[in-house]
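Work through these exercises with the model open. Each task is followed by a stepwise solution.

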Amino acid sequence: VQLQASGGGLVQAGDSLRLSCAASGRALGHYATGWFRQAPGKEREFVGAISWGGGDSHYADLARGRFTISRDNARSTVYLQMNSLKPEDTGVYYCARDRRAFYSGTDYARVTDYDSWGQGTLVTVSS
């Protein structure tokens, strides 16, 4: 499975960005997809995830109320809409496919639950 994250860039605080995560073939259809980010010198952290059917999404506190994840299974693409960006949102954003097909739980934050990762897209938010 190959995932391709895109949409990053340099923005100012308060701006919005939409990241995309495109998968080869129909690789995402039966799997939840998560977004993580990694700031320089820090560990990778969970941002949010969307269930395989798209009916549920879960967010870390850092994202709740500002970020929204959606998916288009017909296009094998997942989106991360980020609003009201802050300088502390700066980092490389990764999308990843959950290894658990048809997972219907609520636990999405563990890096080890994901088996396919995109290459990341850099988001830089200036103050």
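**Exercise 1.** Classify Arg 100 as buried or exposed, then find its salt-bridge partner Asp 98 and classify that too.

Solution.
- Arg 100 has 19% relative accessibility, so it counts as buried. Buried means under 20% relative accessible area, exposed over 50%, partly exposed in between (1.4 Å probe, protein chains only).
- Arg 100 and Asp 98 meet through their side chains in a salt bridge, 2.7 Å from N to O. The rule asks for a side-chain nitrogen of Lys or Arg within 4 Å of a carboxyl oxygen of Asp or Glu.
- Asp 98 is buried as well, at 0% relative accessibility.

The model is predicted: local features need pLDDT of at least 70, side-chain atom pairs pLDDT 80 or more, while totals for chains, interfaces and linings use all residues. Numbering starts from 1 along each chain as its sequence is written, and side-chain values use heavy atoms, without hydrogens and water.

**Exercise 2.** Which residue forms a salt bridge with Arg 110, and which network joins them?

Solution.
- The partner is Asp 107; the closest N and O atoms are 2.7 Å apart.
- Arg 110 is partly exposed at 41%. Asp 107 is partly exposed at 29%.
- Shared partners link Asp 98, Arg 100, Asp 107, Arg 110 and Asp 113 into one network of salt bridges.

**Exercise 3.** How do Arg 37 and Glu 45 meet, and how accessible is each?

Solution.
- Their side chains form a salt bridge, 2.8 Å from N to O.
- Arg 37 is buried at 6% relative accessibility. Glu 45 is partly exposed at 33%.
- The count by this rule comes to 10 salt bridges.
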